[in-house]
Amino acid sequence: MKLKGSQILLEMLKEEKVDLIFGYPGGAVLDIYDQLYKSKIKHILVRHEQGAVHAADGYARATGRVGVCLVTSGPGATNTVTGIATANMDSIPIVVFTGQVPTTLIGNDAFQESDITGITRPCTKHNFLVRSVEELAATIKEAFHIARSGRPGPVLVDLPKNVMAAETEFDPANIKIRNYDVTHKPVPKKLSQVFEMLSHAKRPLLMTGGGVILGRAAGELTELARKYQIPVTGTLMGLGSFPGTDPLWLGMLGMHGTYHANMAVSHCDLLIAVGVRFDDRVTGTIETFAPNAQIVQIDIDPSSINRNVVVELPIIGETKATLNDLLHFLAEHKYAPDKSARKEWLAEIEQWKEKVPLTYCQNGEIIKPQYVIEMLHKVTNGDVIVTTEVGQNQMWTAQFFKFDKPNSFITSGGLGTMGYGLPAAIGVKCAFPDKNVVDIAGDGSIQMNIQELATAAQYNIAVKVVLLNNGFLGMVRQWQELFYEKRYSHTDMTYAPDFVKLAEAFGIIGMRITKPADVEKALRDAFAVDKPVLMDFRVSREECVYPMVRPGESLSEMDLGTREMIN
Amino acid sequence: MEKKEHIISILVYNKPDVLARIAGTLGGKGYNIESLSVNTTTQYEISKIVMTSIGNQATISRIENQLQRLVDVISVDDLTNVESVHREMVLVRLDLTEDKKDQIKKAVDDNQWKVIKSGEHYVILEITGDKAQIDLAMARLEPLGIADITRTGLVALELKN
Ligand SMILES: Cc1ncc(C[n+]2csc(CCOP(=O)(O)OP(=O)(O)O)c2C)c(N)n1
Ligand SMILES: [Mg+2]
């Protein structure tokens, strides 16, 4: 069967079971859009290409499937870069199709030409420029395979206009791609080493990260922890991989981690880290990270091992398969924790938790942002998929919302991209129309991709924006308060649109909430309607995120904030 | 840990931008490439890149891991600790000025350097050898006044796979 390049693209999307893409048209992709017009594949028209990538990324994080977007050449392509870099830092499987000028014009500085494969080389897992229609089908198949296999990541496929118009024979049953062999099997010797270490450990601790969610290993990790009563802490990306309401859960570790999680890391004698890469926000000063512990690190990617923290026992392998093997090995060899030692260890952690609980003070007439987050949990019973923007809103969400399930907390961890939350929430809601989806936002961040409210309105994608409006670029202001003697250089955001009117102008519902007593009702009202809603919560302006490990300090030396904050 | 020169042999798929990927990956992560040579292999679709980099074992392992992540990289081997032979080539032009002329001719004879082209006013030499041999030749060439020089990167081959 002879097909045009543009038809082959859509056929291949069908082959990959893609039923939804996020995109924005332009000259170089007119042929593809013409095919889409006749196709069953659903296309969501975003308002900025960055939004398309974040939406595809949110879709991927919530479903575990590959997210797809389509944009035009030149500025359309360059607008995707922040989105791609965001996905790359968090290892999210997406495929980005970009239009390109005809192959005969490449290199000529043609109208709307950009070397997008060159630009995105350092921030993609891999990318392709398709030079002829004959290689198109195999390239697309390869792109999807690369995006989802091994350690996942974004793949960009650049499609010159003439390649889309050219014809070739298409036979989906006969597409050959290179054989990628990426799976490693853990060796029994290493499992017996873990067994030995666990048998000797008096204060073991599990640390879970994004690799557990990406590797679908949350069940195995949870079993390991519960069966052998090992307490668990996690990175920002690991939230949801172990139930946040389980007594063994210590909360997040690191810069804004809980006191007891950081103390546990600092005092444990065995740290089993799964699917983490020991980012500097997590470790504090590297020299004093987990100073008393032997560290076991399980990760699919050898480059994550011994990069920041030197570990005693690296195990390279898929998190799910490795944890499964470990569970079997421990059961077979009848591992049983030393009961009294374990009891002592858990009691010690409990003492830290009682000494410095995660708390805030909701008194008076001003809404505390943490209170809104707790109320959100109450109103939804935690049955909600949460995206965030970046800044204090993100850290408070990580601290105060108890995530019980994987793929339910969706945030830009590695790159920290403001403007991520709203389009990501749109992507999530498209994947799960029947689920509650909330973007917990800051007033600064929301303005970075606010145009996507139009997308939500057009398709009635009923996301709820919980705007924690403090009138500041709050996280930056916090650092200015703590480290720059309150010189609030360019962080005051008081000059802002009226968000309620703005929401209404976009055709969605806007609400303003100024009193603590109105918070719960507002949330209930918002979830009662099947429409996008923006809730403008006017919150305490100079609230800080505590506790905090100051940059350059150890995890065990946390700044707990003022008495008033933690009383 | 001791810093030393490591010879890394990389098999890659012969794609148009594979060199850019490798150079970009290492440059972007702050690793240094001392020398680089790209060779074809007996298979058209596969190329071999030999690069040298100075660092301690941990740094070199990180380089290997980073390269291994690239989709077009087939294998990465540190040849420093396996039995292998190494060669570099240097082309040098010496100008036969009045004051150096005799000295140069004598040195070429004494060292049995290979002259690949010569004229009334110049001589061009081809010198191949391992690093020690090249360094020795360079030390002897220096006083003769090097007019121009070009050097290949190092190439290496294992005694067995
Ligand atoms: C695109 C981008 N630009 C700048 C920053 C730096 N930055 C990190 S947090 C932050 C403030 C965010 O303000 P807001 O969205 O109001 O959140 P808040 O901290 O007040 O909750 C800024 C500017 C960033 N992370 N991303
Ligand atoms: Mg703010």
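Reader: What makes the contact between the side chains of B:Lys131 and B:Asp135 a salt bridge?

Author: In this predicted model, the side chains of B:Lys131 and B:Asp135 come to 3.7 Å, N to O, and a salt bridge is defined as a side-chain nitrogen of Lys or Arg within 4 Å of a carboxyl oxygen of Asp or Glu, so the pair qualifies. Both residues lie in helix H4 (residues 131–141) of chain B, four residues apart, about one turn of the helix; helices here are DSSP runs (H or I, at least four residues), strands likewise (E, at least two), numbered from the N terminus.

Reader: Why is B:Lys131 called partly exposed?

Author: Its relative accessibility is 39%, and since buried means under 20% relative accessible area and exposed over 50%, with partly exposed in between (1.4 Å probe, protein chains only), B:Lys131 counts as partly exposed. B:Asp135, at 37%, is partly exposed too.

Reader: How do you know which residues and atoms these values cover?

Author: Residues are numbered from 1 along each chain as its sequence is written, while chains are lettered from A and ligands numbered from 1 in the order in which they are written. Local features need pLDDT of at least 70 and side-chain atom pairs count only at pLDDT 80 or more, whereas totals for chains, interfaces and linings use all residues, and side-chain values use heavy atoms, with hydrogens and water left out.

Reader: Why is A:Asp536 called buried or exposed, and what is its salt-bridge partner?

Author: A:Asp536 has 0% relative accessibility and therefore counts as buried, whereas its partner in the salt bridge, A:Arg512, with closest N and O atoms 3.2 Å apart, is partly exposed at 36%. The pair links distant parts of chain A, 24 residues apart, with A:Arg512 in strand S19 (residues 509–513) and A:Asp536 in strand S20 (residues 533–538).

Reader: What makes A:Asp280 exposed?

Author: A:Asp280 has 54% relative accessibility and so counts as exposed, while A:Arg281, with which A:Asp280 forms a salt bridge at 3.8 Å, N to O, is partly exposed at 45%.

Reader: How do you know that salt bridges cross the interface of chain A and chain B?

Author: The rule finds two of them there, and A:Asp301 forms a salt bridge with B:Arg69, the closest N and O atoms being 3.3 Å apart. By contact (heavy atoms within 4.5 Å), 14 residues from chain A and 13 residues from chain B take part.
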